[in-house]
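Biologist: Could you take a close look at the sheet for me and walk through how it is put together? I'd like to hear what borders what, and what lies against it.

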Amino acid sequence: MAEFADQAYARLLSDIFTLEQLDAHPDSIFALDPGGRIVFVNAGWDAFARDNGGQPAVADRWGVGSNYLDALAPPLAPFYRELFARTPRYGTTLNPASHEYECSSATVYRRFAMLVYALPEDQGHLVVNSRSIERPHGPERKPRAPRASRYVDRNGLIHQCAHCRRVRHMSDGGRWDWVPDWVEHPQNNASHGLCPVCMDYYSLDAS
Ligand SMILES: [Zn+2]
């Protein structure tokens, strides 16, 4: 069911879109105000947020009224802030800003295409997330057991990539492993940075 933060955004979006169609859309859609606050979600986004955490706390973090940029893992926030800032203004182009990201579960590899449309008069953005790939993890994600001796550093921390969620191997620093248990059950002692591959992808210098 579509939800709005306030009537002003309900009016703004209904001037541009048919709200029933946005809500019934198979993709996960949300809208942000200029500061990144989530001001609209469709039923698809609600279901997506629930599926990706399975806990009410996760759905709250991504729900109407929360700030999208604050809900992201901290290393990813600057990238998205820049993506929204660089989105062409409403009415200037037919090509929205786009971005591909991974949102896998312990057993399923999933990628999403994100399209970002600016709202009129710089009032924020409408963001459409459509699933582009969904398949079981392949051989490149050989499942590893959650062994503290391999992955926990001397300070008691696990280094898990905030984007692909692989975990850094302690005695082989170049190696990042797929540990499904820690994807399914996020650990309190996980420090969320980015692995080298995702660091390159999310580096603003490279964009
Ligand atoms: Zn990564």
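**A walk across the sheet**

Modeller: Sure. We've got an open sheet of 6 strands here, ordered E1-E3-E2-E6-E5-E4 and paired antiparallel. Bear in mind that this is a predicted model. The edges belong to E1 (3–4) and E4, and each of them has a single partner strand, so one side of each is left without a neighbour in the sheet.

Let's start at the E1 edge. E1 runs antiparallel to E3 (residues 38–41), and 2 bridges join them. For a concrete pair, take Phe 4, whose bridge partner in E3 is Phe 40. Helix H1 (residues 7–16) lies across this part of the sheet, over E1, E2 (28–32) and E3, and runs at about 55° to E3.

Carry on along the order and you get to E2 next to E6. Those two are antiparallel as well, with 5 bridges between them. Ala 31 has Leu 126 as its bridge partner in E6. Keep an eye on Leu 126, since on the E5 side of things Tyr 117 stands opposite that residue of E6.

E5 and E6 are joined by 11 bridges, again antiparallel. They also form a hairpin with 6 residues between the strands, and if you check the backbone torsions there, Glu 121 takes a positive phi near 55°.

Now for the helix at the other end. H6 packs on the sheet and touches E4, E5 (108–118) and E6 (125–136), with its direction making about 160° with that of E4.

H6 and E4 also bring us to the rest of the protein, which is divided into domain 1 (3–136) and domain 2 (139–206). Taken over C-alpha atoms, the centres of the two domains are 26 Å apart. Contacts between them involve 14 residues of domain 1 and 13 residues of domain 2. On the side of domain 1 that touches domain 2, H6 (77–86) and E4 (97–102) each supply at least two residues. H6 gives the most to that side, with 3 residues. As for the chemistry, the domain 1 residues on that side split into 9 nonpolar, 3 polar and 2 charged.

So there are two things to keep in mind about E4: this strand is an edge of the sheet with a single partner strand, and it supplies at least two residues to the side of domain 1 that touches domain 2. H6, for its part, packs on the sheet and gives the most to that same side.

Terms used
Residues numbered from 1 in each chain as written. Predicted model: local features only at pLDDT ≥ 70, side-chain atom pairs only at ≥ 80, totals over all residues. Domains from an automatic or database assignment. Contact = placed C-beta atoms within 7 Å. Helix = DSSP H or I, 4+ residues; strand = E, 2+ residues; numbered from the N terminus. Nonpolar A, V, L, I, M, F, W, Y, C, P; charged D, E, K, R; others polar. Pairing = 2+ DSSP bridges. Axes fitted to C-alpha atoms, helices over the stretch in contact; angles between N-to-C directions.
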